[in-house]
Amino acid sequence: MTAVISPVSGAQIADVPATSVEETDAVIQRAHEAFPAWRAVSPGDRARLLRRFSQVVDDHIEELAQLEVTNSGHTIGNARWEAGNVRDVLAYYAGAPERLFGRQIPVPGGVDMTFHEPIGVVGIIVPWNFPMPIAGWGFAPALAAGCTVVLKPAEVTPLTAIRLGELALQAGIPEGVFTVIPGKGSVVGERFVTHPLVCKVVFTGSTEVGERIMAGCAPQIKRVTLELGGKSANVVFADADLERAAATAPYGVFDNAGQDCCARSRILVERSVFDRFMALLEPAVAGVRVEEPSLDTAEMGPLITAAHRETVASYVDDAQVAFRGSCPDGPGFWFPPTVIVPTSESDRAYREEIFGPVVAVMPFEDEADAIRMANDSDFGLSGSIWSRDIGRALRVSRGVESGNLSVNSHSSVRYWTPFGGFKRSGLGRELGPDAPEAFTETKNVFIATD
Ligand code: NDP
């Protein structure tokens, strides 16, 4: 068994089974056996089942949200949004089974038709930072495509995923079609990679583990989607609405206590307005409400574990702090929102993903310099551009090597649009209208007419 600890109180809140390799194999085998019947469910019926699953999630939003507040320390506002996101993503992809269109291609001597064939069992490995949405972004399109799913939540945050597995059964999703198995990454997750009956691995987590997953999938030419780390830039030009850029910047990086792969953890500000921006940013950071996450007013909760808090603190120990917000004392893994001013672009805190409420602010000279600095990173996941000049905003958006950008906004993930990273931030895309196709292989069938 694995003890589950609440980051809010530091106390144990549950004991969860640590699934063994043998048990994992048995679950994968059941998912494999469930596949032929699930893919044979008519598109309309599969759509109806997914809609019912969405409805059952909707009926349990509050329960799921409370579970996430306790298990992950998410603010209640965020946790309700996250549970609602699972509902909405299921409802969105419920439209897919009836729209998995192939093509009809004219060829000499006949006609060719293409089919999107579901690939089989999909293994989904979820990190601890957004346990519900990241699970849903994988399992909803996979189920819609006709695949069966085995899902491993992060060891420290398994509770909402386990509950979603139960709700799927309650909604009528057949046994073996969607199974949640808690356990260690090195045991359950690794088995998804090595087991020959798992046809695709969907991994979200650190770049380090992502590399291992990709290498591990290679011998079987196993399909893989990787959503990895980030060190995204929030680029603020002198002609921007500085008040709005500064007032919203804290929420672009400190949301979920900065434990967000899309966090804008580098703010790049045009030198001519650097001091003015910092003067506006300081009260905005001081105003972030870091408090008991079950309060409706909470804007930021604690970090996930004591060990992670130590890692985050180690980045601040050797950095120049400009100013900080506040956080509660006492139990819980609290860390205040912190703004640092790196002395060089090679500073560790400026280059590495901290995954905590720490943001580095640096000046840039002009448009070319802004693009250079934004791209001077191994990562390329997200980012923002603040400017009133729409031509410049578009030029810079095209110049920044990143998968998800927003202009005059910090919006990152919308289920209607494709999500994924450039460079070492990942491989492949999730979400958007084409996501179910990533759980299929395209087959072409030629029919001779001569
Ligand atoms: P990890 O990479 O450590 O863990 C992610 C998941 O992988 C967990 O379920 C973990 O299990 C599992 N795992 C660990 N080792 C292995 C292995 N050898 N084989 C298979 N699975 C394994 O990342 P974190 O949980 O620490 O998440 C934080 C990181 O994830 C950050 O770098 C962040 O940027 C990135 N991330 C990226 C996102 C994106 O969409 N691009 C979204 C969210 C996070 P266990 O719990 O047992 O360790």
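In this predicted model, three strands come together as an open sheet, in the order 3-4-20, and the pairing is antiparallel. As background, strands of a sheet pair through backbone hydrogen bonds, either parallel or antiparallel.

Who sits at the edges here? Strand 3 (104-107) and strand 20 (440-448) do, and each has a single partner strand, so one side of each is left without a neighbour in the sheet. Going from one strand to the next, the twist averages 30°.

Let's look at one of the pairings. Strand 4, made of residues 110-118, runs antiparallel to strand 20, and nine bridges link the two. If you want a spot to find on screen, try Phe115: its bridge partner is Lys443, in strand 20.

Now for a loop elsewhere in the chain. Helix 9 (242-254) and strand 11 (266-270) are joined by a loop that holds Asn256, and Ala257 lies in that loop too. What about their phi angles? Asn256 has a positive phi, near 55°, although Asn256 is not a glycine. Ala257, also a residue other than glycine, has a positive phi near 55°. That catches the eye because most residues other than glycine have a negative phi.

Are these two loop residues buried or exposed? Asn256 counts as buried because its relative accessibility is 7%, under the 20% cut-off. Ala257 is buried as well, with a relative accessible area of 1%.

Here is the pair side by side:

| Residue | Phi | Relative accessible area |
|---|---|---|
| Asn256 | near 55° | 7% |
| Ala257 | near 55° | 1% |

Notes: Residues are numbered from 1 along each chain as its sequence is written. This is a predicted model: local features need pLDDT of at least 70, side-chain atom pairs count only at pLDDT 80 or more; totals for chains, interfaces and linings use all residues. Side-chain values use heavy atoms; hydrogens and water are left out. Helices (H or I, at least four residues) and strands (E, at least two) are DSSP runs, numbered from the N terminus. Buried means under 20% relative accessible area, exposed over 50%, partly exposed in between (1.4 Å probe, protein chains only). Two strands pair if DSSP finds at least two bridges between them. Axes are lines fitted to C-alpha atoms, for helices over the stretch in contact, and angles run from 0 to 180 degrees between N-to-C directions.
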